[in-house]
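These are my notebook entries on one structure. I set out to look up its pockets, its charged pairs and its aromatic pairs, and I record each in turn.

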Amino acid sequence: MSAALKDERVARELGDSDPRRRLLAIDLILSAPARPLSDDVLDALVGCVGAAQKTIQRRAIDALAAVAVAGDARIVERLRGSIVGDDRRMRWGAAYALAQIGAGAFAMHAADALCEALSDDDGDIRWAAANLIVRLGREYPVEIRERLIALGADSDRNARKMALYCIRDLRINGAELLAVMERAVRDPDVHVRLAALAVLTRLGDPSGAAAKLALGCLESDSDAGVRRAAAVALGNLQNSSPRAAAALKSAAADESDESLARAARGALERLEKR
């Protein structure tokens, strides 16, 4: 079979409705990533990045990264075009693929697609996007900080929650963040409130504002898990004000919630060791 006919067959199978055929075509490319790809094959492979099936999407990303590392500069160009396209799944896949290529391919142009992915219905995508945003945040701290602060007040609960976990991992702080946290600890979604406490527990805040927010959660939140997280946060924040000590002692004596009592006792022990 001539090279042209072989390329035609591979391109056709990359777009086949049968997932097995698509995977076999991708594996063929992976078996020899240094072999030059025709434009048709390359376009079909990039198209697989938007596949509904995770297995196809991930294998296509592996293949694109391998071909790019082998020296095909067209890959990054194609992915950067896809990252601003109309297909949301393609935008996410292109951003993830650029991150796998690295070496200058992954930069701020991926931020919009990654921030969008924080609100995805798929938890695996949300956490993968969060990990990549943290990676970008270490290279572009000012730009990513601005985006995360804005996302902390987003209309989507998943976006708010995931932005807070990114903020935690990047150890972002400051007056703007405290304003976000004041809203987050009162968020109607319990998972956002838990994420807010995960931020507060790591927040270096000499003003005591973070401890005050955690204390409010311990004293009045309707969710037992949030109250437990608030007790842990108070211990980590090393706040030993009379009000905090009284709230923790009350929680430590709570016979109706042993998990809360245990968390409060642990916080009191940490405060006593100051």
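**Entry 1. A tyrosine and its ring partner**

I began with Tyr165, which counts as buried at 16% relative accessibility. I note at the outset that the model is a predicted one. Which ring pairs with that of Tyr165, and at what angle do the planes lie? I found the ring of Trp127, with the two centres 5.3 Å apart; the planes stand at 40°, so I entered the pair as tilted. Tilted is the class for planes that are neither under 30 degrees apart nor over 60.

I then looked up where the two residues sit. Trp127 belongs to helix α8 and Tyr165 to helix α10, residues 157-170, so the pair ties together parts that are 38 residues apart in sequence. Trp127 has a relative accessible area of 40% and is partly exposed, whereas Tyr165 is buried.

**Entry 2. The other aromatic pair**

I searched the whole structure for aromatic pairs and obtained two. Besides the pair already entered, Trp92 and Tyr96 form a tilted pair, 5.5 Å centre to centre with 50° between the planes. Both residues lie in helix α6, four residues apart, and are thus separated by about one helical turn. I recorded Trp92 as buried, with a relative accessible area of 8%. Tyr96, at 29% relative accessibility, counts as partly exposed.

**Entry 3. The second largest pocket**

I met Trp92 and Tyr96 again in the lining of the second largest pocket. The other lining residues are Lys54, Gln57, Arg58, Ile61, Arg89, Asp124, Ile125 and Ala128. The space in this pocket comes to about 150 Å³. Three elements each give two or more residues to the lining: α4 (54-69), α6 (88-101) and α8 (123-139). Which of them gives the largest share? I found that α4 does, with four residues. Sorted by class, the lining holds five nonpolar, one polar and four charged residues.

**Entry 4. The largest pocket**

I turned next to the largest pocket, which holds about 190 Å³ of space. Two elements, α11 (175-184) and α13 (209-220), each supply two or more of its lining residues. The greatest contribution is that of α13, with six residues. I listed the full lining as Leu178, Glu182, Val185, Arg186, Arg193, Ala209, Lys212, Leu213, Gly216, Cys217, Ser220 and Asp221. By class I recorded five nonpolar, two polar and five charged residues.

I also looked up Ala175, a residue of helix α11. Ala175 is exposed, with a relative accessible area of 65%. From Ala175 to Val84 I entered 33 Å in space, C-alpha to C-alpha, and 91 residues in sequence.

**Entry 5. Salt bridges**

Side chains of opposite charge can pair when their charged atoms come close. How many salt bridges does the count give? I obtained 24. I looked at three of them in detail.

Asp27 and Arg59 form a salt bridge in which the closest N and O atoms are 2.6 Å apart. Asp27 is in helix α2 (residues 19-30) and Arg59 in helix α4, so this pair ties together parts that are 32 residues apart in sequence. Both ends are partly exposed: Asp27 has a relative accessible area of 31%, and Arg59 one of 30%.

Arg168 and Asp169 meet through their side chains in a salt bridge of 2.9 Å, N to O. Is Arg168 buried or partly exposed? At 19% relative accessibility I entered Arg168 as buried, because the class takes in values under 20%. Asp169, with a relative accessible area of 27%, is partly exposed.

Salt bridges with shared partners also join Asp39, Asp43, Asp72, Arg74 and Arg78 into one network. Within this network, I noted the salt bridge between the side chains of Arg74 and Asp72, at 2.7 Å, N to O. Asp72 is buried, with a relative accessible area of 14%, while Arg74 is partly exposed at 23% relative accessibility.

Key
Residues numbered from 1 in each chain as written. Predicted model: local features only at pLDDT ≥ 70, side-chain atom pairs only at ≥ 80, totals over all residues. Heavy atoms only, no water. 1 Å grid on protein atoms, 1.4 Å probe; cavity = no way out; pocket = protein on both sides within 12 Å on 5 of 7 lines; lining within 4 Å. Points joined across faces, edges and corners; volume = space filled by probe spheres on them. Nonpolar A, V, L, I, M, F, W, Y, C, P; charged D, E, K, R; others polar. Salt bridge = Lys/Arg side-chain N within 4 Å of Asp/Glu carboxyl O. Buried < 20%, exposed > 50% of the residue type's maximum accessible area, 1.4 Å probe, protein only. Phe/Tyr/Trp six-rings, centres within 6.5 Å; stacked < 30°, edge-to-face > 60°.
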